[in-house]
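Let's take a walk through this model, starting with a term we'll need and then going from the core out to the loops. Keep the viewer open as you read.

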Amino acid sequence: MAVQLGHHLRWNLPDVLQPGTPLPEIPSLCEPNSYDKEGFFDFPTRRGWYIDFAESSGPQRINRDEVPSAADKGAFLQSWLFFGMMYEVLRLLNVEVDLEDFVVRDGDGTRRCITTYPLRRYFADCTQRERAGSRIPGDSPLTDISKILRRVDSTIRRYSDTLSSGTWRLSEALSLDTVLSILVLGESLLNLAKLAMPLPGNDQSMLHGVGFFWARNPLEQRMRGAGWCISTTKMLHTLLDTTGLYYASRLRLPTHSGQQSHSNCTMQQCFANHVDESTYQTQHFEGCRGCEHISIDVEKVAKVIGQGKTPIVSINLLGADNDRPDIELEVTTSAPYVAISHVWAQGLGNAQANSLPRCQLARIKRMVCGIRPMGPMDNTSELGVWMDTLCIPVAPHLKPLRKLSIARLEETYRNADQVLVVDKDLMSASGFASRIEKATRLLCSAWMRRLWTYQEAVVSNLHPNCEKLQIQFSEGPVTFHSLCADPISLCHSETAIRSLLLALPLTGSVSFMFSTLSRALRYRTTSRQSDEAICLTAVLGHDVSKVVATDNAEERMAIFYSFIDTVPAEIIFRIAPRLQMDGYRWAPLSFLQQTTQIAAAKGLDAPRDSHGVYVTFPALRFLSISPPKNLSNHFVLGEDPGNPTIYLSSAGAKMGRTDEEWRRVVREWEEFDRVVLGSGEIALILNPSPTSQHALVSVLRKGPDETRYCRFLCLAETSSVHATSLDICGRVAIERIDAGATWCVG
Ligand SMILES: [Zn+2]
Ligand SMILES: [Zn+2]
């Protein structure tokens, strides 16, 4: 008789409440005690195996006459990398495990599959023992643990995470799920080692850099096949470890996302939630076959906004008929309110009127009733609602009030009693799921990928512990705080939660906020580029009314930057489209959908004013420039024509696949050469990291304090000179300027 093994008993992670597929059984390919417990690194030799990474043939028998089958290799690798790693790491943490606990057998004693569930008990034992202080002082096992984990990682990656076609693949001996079971186990052990070693003086730095990071997403194909958007799979691969990624891949794709078309999405950007206002349609609640719109008293809303107050809506149900209640919207000003944060594309907006269908209003009423007020309130009154669809006038004659409302959004969300996240995917997910499941769903949600919702969340986050932010799940609201609060799980890593935390709050110096913002906004998008400056300005708490005074997206970004007096100096070397306005040519046009985030290195803050940013880097001044033989051949830098030093080229694309792409590349090169030849006095401000891009500037004037005021031209690269380049390249005589000089790049 087969043993029935519940999913929840199979692994050390919380079970997935709403899975896409059943948890696979990981076959036990070897007897658990075939790992002989005599030491990790010599195990292959003791068992007659050798592994030579220089060879592409995978594990081989020391006795060359034996030709191992794929099953032999699989059994050996599992006993070494799974059972061996588990036994040895836990032994170093003072826990003796019975490897037999990790195998499930059928009634007749045959091996059936692996379970990591008993790890929960062993892990708890381990921390208890650590707390009891049974360890010998000075005995640090972390070095040895990190060596074992690194060995497991390098072995698996050598045979899996490679593009070289001649290499033996792990997939010939182990299924993807079996490989992932080893990685998840490794990450869980790493997590335990970090948490279980709180002894004073115990340096955890040994564990830094230990990890199981793959260049490729091993679950890409599986997730795309299940309908996930390519940008989501890419984002999750960047943000999560293997445990987090595997967990995410097991979630049932939310119905709403699954129904959307992601065929136009790119690795960087999901277009599924972009809104075209001219064709936008407000949607009814699922199951409603059509009901009438109920409008708010727009003139009353306008009057309240004109008075400098926030219009608050009270949704009143009339009559006792709960299925089709009559609804009346009342505008008030002083009640505590819940501000709704929603994804426009999901149908709760309205581009034509300040109204919503009755079914949606009834649902919003139900959701808001589920929220307990945080502030003092008497028992009889209810929380009001603020929602852009109802409270920001759309009528053309009220445009000035519309702008005023947008300028006050930060204040509106800040003053809200609570902020409720309304996202279709999250509302169809259960709030009873584990913390990691809810956090992963939130991370994947459309709500996390939109620009406006970022602002709404961040300003509400200023409240201690993020307690103000509520996420609507199918049974009711869940606080963001409860997803992210301690204790961190002992049994497994929880990178989804860490990623959520990194994606929302905003702390530190203004310069540091640049990197926080660029990290938080990397995966977000907006339908209207001109909205970005509004959100950024609101998030940093500056005067949005100045930004909305113009409709031009680029001018708005310049106004946003004008509020900031310090930026990271490295910003001038960043690859990104920039503003084309005097004083702001250093400034990125956008923080959204960037491939990299702006790093804020300590001590490299640069002051900024209307002339530009003031940086002090070494530079090369161009004394004389002779043109290349043909445009697109670039330049050789060096005073001595017989002994040139470096080759200067454009930092644009170097490759094109089609003829058209190639022509564009060449055009860009020619443009670069034209810029170098035609921009007057030129200097190359040198990046402290010499292999990265430098900033090419034209020097406009020298101030009385020796500051050189310049105009940013473009990024340029340097490399050593090829002999073939000497005859065809232009020649530039240079003067070196040391690091003490100040450059104002504008
Ligand atoms: Zn998409
Ligand atoms: Zn309806």
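Two residues count as being in contact here if their C-beta atoms, placed from the backbone, lie within 7 Å. Keep in mind, too, that this is a predicted model.

With that cut-off in hand, try valine 313. Setting aside residues up to four places away in sequence, valine 313 touches Ile296, Leu329, Val331, Gly384, Val385, Trp386, Leu390 and Cys391. Val313 also belongs to the largest nonpolar core, a set of 196 residues, and is listed there with Val385, Ile572, Ile685 and Val745 as having the most contacts inside it. If you're wondering which helix gives the most to this core, look at α2, residues 70-92, which supplies 12 residues. As background, nonpolar side chains tend to be buried together in soluble globular proteins.

Now zoom out. The chain has 25 helices and 24 strands, and 42% of its 746 residues count as buried. Its C-alpha trace spans about 95 × 80 × 55 Å along the principal axes. How does the radius of gyration fit with a compact globule? For 746 residues, such a globule would have a value near 27 Å, and the chain's 30 Å agrees with that. The contacts reach far along the sequence as well: among those between residues at least 6 apart, 74% join residues at least 24 apart.

Valine 615 gives you another way into the core. Valine 615 sits in strand β16, residues 612-615, and counts as buried because it has 26 C-beta neighbours inside 10 Å, where 20 or more are needed. Leaving out neighbours within four places in sequence, valine 615 is in contact with Ala569, Ile572, Ala606, Ile685, Trp743 and Val745. Three of those names, Ile572, Ile685 and Val745, should ring a bell from the list of residues with the most contacts inside the core. For a sense of how the chain comes back on itself, take valine 615 and alanine 739: they are 124 residues apart in sequence, but their C-alpha atoms are 9.7 Å apart in space.

Next, some helix packing, with α8 (residues 242-250) as the hub. The axes of α8 and α16 (residues 435-444) come within 10 Å and cross at roughly 80°. That angle falls between 65 and 115 degrees, so the two helices are roughly perpendicular to each other. On the α8 side you'll find Gly244, Tyr247 and Ala248, which meet Ile436, Thr440 and Cys444 of α16. By class, this contact has 4 nonpolar, 2 polar and no charged residues.

Helix α8 has another partner in α5 (residues 176-196), with an angle of about 130° and axes 8 Å apart. That makes α5 oblique to α8. Here Leu180, Leu183, Val184 and Glu187 of α5 pair up with Thr242, Thr243 and Tyr246 of α8. The tally by class is 4 nonpolar, 2 polar and 1 charged.

Helix α7, residues 230-239, is worth a look in the same area. It is largely enclosed by the rest of the structure, because 8 of its 10 residues are buried. Those buried residues are Ser231, Thr232, Thr233, Lys234, Met235, Leu236, His237 and Leu239. Among the elements that cover them are α6 (220-225), α8, α16 and α19 (495-503).

For contrast, find arginine 169 in the loop between α4 (142-160) and α5. Is arginine 169 buried or exposed? It's exposed, with 12 other C-beta atoms within 10 Å. Apart from neighbours within four places in sequence, arginine 169 is in contact with Tyr159 and Ser160. Its C-alpha atom is separated by 21 Å from that of phenylalanine 41, which is 128 residues away along the chain.

Last stop: the loop between β17 (619-626) and β18 (635-637), which holds serine 632 and histidine 634. Check the backbone torsions here. Most residues other than glycine have a negative phi. Yet serine 632 has a phi near 90°, and histidine 634 has one of about 65°. The two also fall into separate burial classes: serine 632 is partly exposed, with 19 other C-beta atoms within 10 Å, whereas histidine 634 has 20 and counts as buried.

Definitions and conventions
Residues numbered from 1 in each chain as written. Chains lettered and ligands numbered in written order. Predicted model: local features only at pLDDT ≥ 70, side-chain atom pairs only at ≥ 80, totals over all residues. Helix = DSSP H or I, 4+ residues; strand = E, 2+ residues; numbered from the N terminus. Rg over C-alpha atoms; globule rule 2.2 N^0.38 Å. Axes fitted to C-alpha atoms, helices over the stretch in contact; angles between N-to-C directions. Parallel < 35°, antiparallel > 145°, perpendicular 65-115°, else oblique. Nonpolar A, V, L, I, M, F, W, Y, C, P; charged D, E, K, R; others polar. Core = buried A, V, L, I, M, F, W, Y, C linked by C-beta atoms within 7 Å.
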